[in-house]
Amino acid sequence: MTRLAEFAVRIAARSLPSRVRARYREEWLADLDGAAEAGVSRGSVAFGALSTATTLDRLDPAGSGLALGRVFTLRLRAAAGLGLAAALLAIGLDAYGGTPAFGALGLGVAVLASALGLGALVATVGATRAAVAAGRPVVAILVLLGALALVGVVVSRVGAILVILGAVPGIAGLVTLALLLTGGRVASRRLRVAASIVVPVVALATAALGLVHVFVWNPLAKLPGMTLPEIYAGLAAAGESPVGGPRVWVLLTALLVTLGGAAYVGFALLPVRRWATLRTRRRLTALGLLLLGGTVTLVFLPGFSMGMGIADAFATSGGDAAASGGVLTLLGMLAFAGTVVVSFVRVEPGPPQGEPLPA
Amino acid sequence: MDPLSRMTPATLDVLAALLDESSPTWGLRLVGRTGRPTGSVYPILERLERAGWISSEWDDDPARTGPRRRLYRLTTDGAEAARSAVAGAAGSRASLRPGLAGA
């Protein structure tokens with residue numbers, strides 16, 4: 001109970017506007033410490049903290065320390081980021097064949113999409129309230145219409161078509177967002193070095209797994225009882241071999257992912273003075289996720305070619321048969337959704353370290 | 001100081017308890033004084049402070065060990081408004097009693 005009460009108090013404090021966060025955290029932790037002396041249970045103190053966090057008027061600048069316009073912007077960004085991320089995951093799940101196509105992982109992603117959607121709803125209501133409080137009812141109506149349009153795209157299943165047709169401009173758009181919206185705290189050198197190792201390694205590993213899925217696992221799963229040489233001989237006989245053959249796709253994918261990784265490492269580590277303030281933690285995270293999502297998308301190209309070739313040569317379906325296909329698709333979806341969240345959602349930072357707590 | 005959008009019975013109890021204190025008092029002690037749950041008292045204190053009825057400060061008593069506590073007191077304007085509110089509520093209760101007694 002003690003640990004749970006302290007956890008609840010910390011969560012409650014963390015949810016508060018930055019201006020009052022440290023003060024209330026210290027106050028409530030001190031109340032937990034003295035609860036017995038006051039004849040109050042620690043659970044009761046935790047409940048009081050959660051009640052305050054829930055009922056605090058975040059629109060009042062006296063409480064949040066933020067002007068209404070800033071509150072509106074932060075909430076609108078949160079609504080857009082969480083809503084788009086939820087939509088991407090929902091559309092991706094639906095386009096691939098629904099939650100059952102991914103097994104237990106699919107259920108997890110569906111829960112995540114629902115949680116993001118709920119967060120988007122809360123943020124939309126908050127943005128609408130802020131717009132109304134600022135005397136901008138037309139803006140409030142536009143926010144609501146935008147949210148309804150997004151829900152409509154997902155529910156009407158038009159989203160899958162938009163995602164496929166708009167994949168290239170969509171990714172270009174995400175890159176733009178990742179570069180423009182991800183200001184904030186500059187990443188330390190230690191973090192930049194760690195990211196420069198982890199991100200390219202993960203991207204290359206994903207590319208390798210993806211290519212093994214496309215050229216080995218999936219063909220064997222689609223045509224049980226046949227060996228790989230027999231499958232490729234059948235493809236060649238039917239004139240359905242992948243353009244250039246697997247070797248070309250492997251080299252091309254390796255080259256492109258390596259170039260992408262090199263660009264990422266260059267941005268993160270090259271001693272260019274002008275880049276010093278651009279290397280924020282959020283930007284490095286968003287670009288790293290984009291590299292991962294882009295890698296999965298890249299692997300989709302030979303995958304599509306192989307899938308159609310096998311379907312035409314052996315009269316099978318064009319979809320994935322190996323579970324690795326679902327895993328890779330989920331990875332790509334989560335990477336793109338993560339990019340959107342990191343780009344859009346901005347949490348107001350607390351006071352810099354070392355500054356005295358507010359009186 | 002801003003007027004309160006609502007004056008609930010719990011808010012009146014907190015104001016009355018603060019009026020009874022001659023020095024800044026620990027927030028958790030108000031919970032015991034009023035008999036109200038923390039789920040009511042904590043948000044009330046936050047609202048009162050934001051509206052300027054009360055102010056708060058850290059307890060810097062060197063004689064007491066342990067984490068420092070947050071102490072609350074009524075502001076000058078807040079004390080005046082609190083007295084009016086509490087007196088007004090007491091008057092309303094008194095005017096209701098003869099009616100109830102006669103029912």
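## A walk through two cavities and a helix crossing

Start by selecting A:Tyr24, A:Glu27, A:Trp28 and A:Thr52, then add B:Tyr42, B:Leu45, B:Glu46 and B:Tyr72: together they line the largest cavity. Keep in mind as you look that this is a predicted model. Now color helix H2 (18-38) of chain A and helix H3 (38-50) of chain B, the elements that each give two or more residues to that lining. The space inside comes to about 50 Å³. Color the lining by class and you'll get 5 nonpolar, 1 polar and 2 charged residues.

How many cavities of 30 Å³ or more does the structure hold? There are 2, so let's visit the other one.

Select B:Leu4, B:Arg6, B:Thr11, B:Ile44, B:Arg47 and B:Leu48, which line the second largest cavity. About 40 Å³ of space lies in there. H3(B) gives the largest share of this lining, with 3 residues. By class, you're looking at 3 nonpolar, 1 polar and 2 charged residues.

Stay with H3(B) and bring up helix H2 (residues 27-34) of chain B: the two axes come within 10 Å and cross at roughly 130 degrees. That angle is why H2(B) and H3(B) count as oblique to each other. The crossing is right-handed. To see where they touch, select B:Gly27, B:Leu28, B:Leu30, B:Val31 and B:Thr34 on H2(B), plus B:Thr38, B:Val41, B:Tyr42 and B:Leu45 on H3(B). This contact has 6 nonpolar residues and 3 polar ones, with no charged residues. You've met B:Tyr42 and B:Leu45 already, in the lining of the largest cavity.

How values were computed:
Residues numbered from 1 in each chain as written. Chains lettered and ligands numbered in written order. Predicted model: local features only at pLDDT ≥ 70, side-chain atom pairs only at ≥ 80, totals over all residues. Heavy atoms only, no water. 1 Å grid on protein atoms, 1.4 Å probe; cavity = no way out; pocket = protein on both sides within 12 Å on 5 of 7 lines; lining within 4 Å. Points joined across faces, edges and corners; volume = space filled by probe spheres on them. Helix = DSSP H or I, 4+ residues; strand = E, 2+ residues; numbered from the N terminus. Nonpolar A, V, L, I, M, F, W, Y, C, P; charged D, E, K, R; others polar. Axes fitted to C-alpha atoms, helices over the stretch in contact; angles between N-to-C directions. Parallel < 35°, antiparallel > 145°, perpendicular 65-115°, else oblique. Left-handed = near helix turned anticlockwise from the far one by under 90°. Contact = heavy atoms within 4.5 Å.
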